[in-house]
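This report describes one protein structure, beginning with a single contact and ending with the chain as a whole. The reader is invited to follow it alongside the sequence and the model.

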Amino acid sequence: MSQILIVEDEARLAAFVEKGLGKSGFDTLVATDGEQAIELAQTSQPDLLLLDLGLPIKDGWQVMQELRSKGEVLPIVIMTARDDNQCKAVALRAGANDYITKPFLFKDLLGCIQAQLEIACKQTMLK
């Protein structure tokens with residue numbers, strides 16, 4: 001069972017995503033700020049990180065930069081209300097594996113997660 005770390009400060013959205021992922025067979029953890037996200041990413045070693053950009057303490061940009069600078073290779077999927085192409089391009093260049101804009105359909109998020117986990121699994125098998 002894959003473990004997903006949901007990093008979202010909006011409680012209702014975090015609960016919605018957590019419930020859907022649980023029903024889809026995933027184990028989940030939730031962090032509500034960037035500092036907690038970094039700690040959980042390093043101690044729990046999740047298989048994928050769902051990351052909001054607008055977080056308290058450390059924003060999603062700082063979280064992603066810090067994890068990538070420490071050599072963390074887990075897939076990072078950005079979940080954000082920022083829907084401009086410029087922001088998406090910057091996020092992908094900064095180390096995000098994918099980018100989904102809020103509001104989204106859960107099935108779209110699930111497809112994105114499954115695709116990233118599949119890619120990560122194939123990369124692991126090639127090592």
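The side chains of Q3 and D27 form a polar contact at 3.2 Å. The model in which this pair is found is a predicted one. Q3 belongs to strand β1, which covers residues 3–7. Is Q3 buried or exposed? Its relative accessible area is 15%, and buried means under 20%, so Q3 counts as buried. Leaving aside residues up to four places away in sequence, the residues that Q3 touches are D27, L29, S44, Q45, P46, D47 and L48. D27 thus appears both among the residues touched by Q3 and as the partner in the polar contact.

A second residue, R82, lies in a loop, between strand β4 (76–80) and helix α4 (85–93). With a relative accessible area of 37%, R82 is partly exposed; this class lies between the limits of 20% and 50%. R82 has contacts with L53, G54, W61, C87, Y99 and T101, again without counting residues up to four places away in sequence. One of these residues, Y99, stands 17 residues from R82 along the chain, and the C-alpha atoms of the two are 9.9 Å apart.

The table sets out the accessibility of the two residues.

| Residue | Relative accessible area | Class |
|---|---|---|
| Q3 | 15% | buried |
| R82 | 37% | partly exposed |

The description now turns to the whole protein. How many helices and strands does the protein have? There are five helices and five strands, and from the N terminus on they follow the order β-α-β-α-β-α-β-α-β-α. The radius of gyration is 13 Å, close to the 14 Å that the globule rule gives for 127 residues, so the protein is as compact as a globular protein of that length. Taken along the principal axes, the box filled by the C-alpha atoms is roughly 35 × 35 × 30 Å.

Of the 127 residues in the protein, 43% are buried. Among contacts with a separation of 6 or more, 63% are between residues 24 or more positions apart. The protein exposes about 6900 Å², of which carbon and sulfur atoms supply 51%. As for charge, the protein has 13 positive and 18 negative charges, and the mean positions of these two groups are 5 Å apart.

Notes
Residues numbered from 1 in each chain as written. Predicted model: local features only at pLDDT ≥ 70, side-chain atom pairs only at ≥ 80, totals over all residues. Heavy atoms only, no water. Helix = DSSP H or I, 4+ residues; strand = E, 2+ residues; numbered from the N terminus. Rg over C-alpha atoms; globule rule 2.2 N^0.38 Å. Buried < 20%, exposed > 50% of the residue type's maximum accessible area, 1.4 Å probe, protein only. Contact = heavy atoms within 4.5 Å. Areas by Shrake-Rupley, 256 points an atom, 1.4 Å probe, with all protein chains shown as cover. Lys, Arg positive; Asp, Glu negative; His and termini not counted. Charge placed at Lys NZ, Arg CZ, Asp CG, Glu CD. Polar contact = N/O pair within 3.5 Å; in protein donor to acceptor, adjacent residues only side chain to side chain.
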